[in-house]
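Trainee: Could we go through this model together, please? I would like to ask about its fold and about how its chains meet.

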Protein chains: 2
Amino acid sequence: MNAHSLYRPVSGLDLLERIGNDSRQRGLVVEDALARIGQIDPEVRAMTVVAQREAAVAAAIAATGPLAGMPVAVKDIFDTADLTTGYGSPIYEGHRPRSDAAVVTLLRRSGGIVVGKTTTSEFAYMAPTVTRNPCDLNRTPGGSSSGSAAAVAAGLVPFAIGTQTGGSTIRPASFCGIAGYKPTFGMLSTVGMKCFSWSLDTVGLFAAGVPDVAYLAQSLSGRQLAVDGSTTRPVFAIPEHYPWTEPSANASTVLEAAARAIERAGGRVRPIRFPAWMTDLIGAHHTIQSYEAWQALGYEYDRHRAMLSPMLADFLERAGEIDTAAYVRACVLAKEAKEGLSSLFHGMTGLLTPSAPDEAPDGLSSTGDPAFNRNWTLLGCPCVNVPGLWGARGGPMGVQVIGRPWDDARCLDAAAFVERAIAECTA
Amino acid sequence: MNAHSLYRPVSGLDLLERIGNDSRQRGLVVEDALARIGQIDPEVRAMTVVAQREAAVAAAIAATGPLAGMPVAVKDIFDTADLTTGYGSPIYEGHRPRSDAAVVTLLRRSGGIVVGKTTTSEFAYMAPTVTRNPCDLNRTPGGSSSGSAAAVAAGLVPFAIGTQTGGSTIRPASFCGIAGYKPTFGMLSTVGMKCFSWSLDTVGLFAAGVPDVAYLAQSLSGRQLAVDGSTTRPVFAIPEHYPWTEPSANASTVLEAAARAIERAGGRVRPIRFPAWMTDLIGAHHTIQSYEAWQALGYEYDRHRAMLSPMLADFLERAGEIDTAAYVRACVLAKEAKEGLSSLFHGMTGLLTPSAPDEAPDGLSSTGDPAFNRNWTLLGCPCVNVPGLWGARGGPMGVQVIGRPWDDARCLDAAAFVERAIAECTA
């Protein structure tokens, strides 16, 4: 734990162990989360709306399931019937959806208590939110899942739900020093999430550490994803170069520290070179995201353009110029790249890269650069931000473990290995 | 045209040719559609809500694009900001969504005028609607896109939008004697459609004939799908047996008539046997549809169970018992089957099967059997219902042309070939 951090994330697994089967404790945990939100959120500004106290406590006391009584914050891009849902846009000011998103249903069925909604950049695009980074209030927590990452990093809740279409889960997790997990595309339903790009939108999860986020993923998905420590001698591929942007010296130093920690713990790292298609995918992501957003946010653009941020209005205006043939080419490229993934991962447990080109930038005017995340979102690969390291400017900097699609259990277990290795080195 | 039909569908292409560039004519076409709805719909009951006349006519006069001024009816499973959207459920009585579904945006951008919403079975599942088959008012029009099929068949509108998760486009098109087209999965966005099963839900289109429906598809998708007559010597595979249910003698007779017409027109038909996985896919469709509906309609089941039909409540209750491992196996099976599709289509322009096991059943208590459609929905194949033939009991019976995924242009052109061949034989 960085001595400079103002707040500490709370491990959901520790909390579950502590409360055991005690229904009164479950109620107290939710009361405590709401009290912390009341104290801390005026400074961090992670929440858009908070659940009604009596109802939340009663639900916690009655809760059953793997997340029984766990306070969870949900990005305000998911519909909730009992909490206003604004999608980060004034167009939806005061909007009360008629139903819950599927992931909210899964949370409730698992016993999780939705204690509030969290800030999202406008329609989960790039325009910054008011949320501040709990590790340094003068910096961005990243985006677009700004509030969910900050809510976990500030210890308001042990678990939070976000999304990733470019780099909206891994990047804020890195900036805020917590675990972030973007599952394989399609594992968690996006039903009831405001769509930006249906080929890219992915539910993302946040928690204090990798075992916590893996447990959350298991609870929601019904799949065996909990970290079991079976990964004892992982082999990670570290790219020699990146076709998007090279990491900062700061990020390279952190990645080297992670690599040394992995080797000390009995793992290995190997250099790899990306195939040529990795470069082409950058443009394909942009084309697909643009083409689909032009349709998915067509109503908002056509009817409420003046209420969009200039950043999003400009993006959509350019998006409208992309022709279907270019979109089809981008989709074909992505499909071929997915088929070529097995050679990229051959002999490797996973890939290891920086989660972002640098630590969180100063100020709130930018949510940072998703360059290190976009291609993996397009490829549908599971990605985990592993926290535990800090950059030269004192901010958290994660490393990203990337796995084969549908190999999420191994990816999470390998990420937990890295997390333990880092903790042993920095202890 | 069957002499017994009470109503005649209107060809959108004919209508577009007739009105040319005349803005006044566009307004009159919409006025006429609204007038026909006013006259005929009390009997057919295809519409749930009708657009405000002055606004619709003004929009038609101002319209530009490939569908400029064309009246279109939209299944009430798609969100419309200006028209109540009930998803066929009392839970959503009077619901006014905050935005339009993507396909509604595409319609409007193409110049189409949404003149009203059409009945859907509850959440596009199997519970019947009040809509009557325009070809025989004592029969079902099929489901779940009951109103969209009936609206076109009754000549209320030249074009309508529906969906297909099992057989909800091809079956009602067959029962109502019009063209229905289920594009390749993923071609038309389902954003803003109430989800039942995200791996299966597909936007479907209705029009009087195959060239009309292909033109609608081209207008919405931006892809080259209009029928161009390039298919001159198609080869159709006709399955020797079906693993779901065998067609009725009635349907077999119609399929034979279509085959003879194809051969007379210069095409060929060849028998094929389905591979063993075709049988397994029946269960996979059920598993995937159930598992996903349990999440997608989780809010409705968990919070408003008493407002669900017994049919849907029972379905969801059983759906909740399907475990994730069974779902994963079904998804793997579907993926492998998709990879095996090329051998099924080898040397063939497309497959030719009945669209449904029989003509529309009597009465409104069942929407009919989607057995001939489900596997193709799961496989994502484009399917076209070709109208023009009638069964022994006097109802329309379509034949279904099935194509390779993303080979929609050829599938539509081949279907148009069959449609012309049938017309030449029955003329």
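**Sheet and interface**

Mentor: Let us start inside the sheet: Ala73(A) has Ala160(A) of β4(A) as its bridge partner. This is a predicted model, in which local features need pLDDT of at least 70 and side-chain atom pairs count only at pLDDT 80 or more, while totals for chains, interfaces and linings use all residues. Residues are numbered from 1 along each chain as its sequence is written, with chains lettered from A and ligands numbered from 1 in the order in which they are written.

Trainee: In which sense do β2 and β4 of chain A pair?

Mentor: Strands here are DSSP runs of E, at least two residues long, and helices are runs of H or I, at least four long, numbered from the N terminus. Two strands pair if DSSP finds at least two bridges between them. Strand β2 (71-75) and strand β4 (159-164) of chain A have 3 bridges, and their sense is parallel.

Trainee: Which strands are at the edges of the sheet in chain A?

Mentor: The sheet is open, with 11 strands in mixed pairing and the order β1-β3-β2-β4-β6-β5-β10-β11-β9-β7-β8 (chain A). An edge strand pairs on one side only, and in chain A these are β1 (47-50) and β8 (268-272).

Trainee: How compact is chain A for its 427 residues?

Mentor: Chain A has 15 helices and 11 strands. Its radius of gyration, taken over C-alpha atoms, is 20 Å, and the globule rule (2.2 Å times the number of residues to the power 0.38) gives 22 Å. These values are close, so chain A is as compact as a globular protein of that length.

Trainee: Which helix of chain B gives the most to the side that touches chain A?

Mentor: Residues are in contact if their C-beta atoms, placed from the backbone, lie within 7 Å, and the contact takes 23 residues from each of chain B and chain A. On chain B, α4 (102-109), α9 (277-296) and α10 (298-304) each supply at least two residues. With 4 residues, the top contributor is α10(B).

Trainee: What relation links chain B to chain A?

Mentor: Copies are superposed by least squares on the C-alpha atoms of residues with pLDDT of at least 70 in both. A turn of 180° and a shift of 0.0 Å along the axis lay chain B on chain A with an RMSD of 0.0 Å. That is the relation of a two-fold axis.

Trainee: Which residue of chain B comes closest to the rotation axis?

Mentor: The same surface serves both copies, as 100% of the contact residues of chain B recur in chain A. By C-alpha, the residue of chain B closest to the axis, at 4.2 Å, is Pro97(B).

Methods: Contact = placed C-beta atoms within 7 Å.
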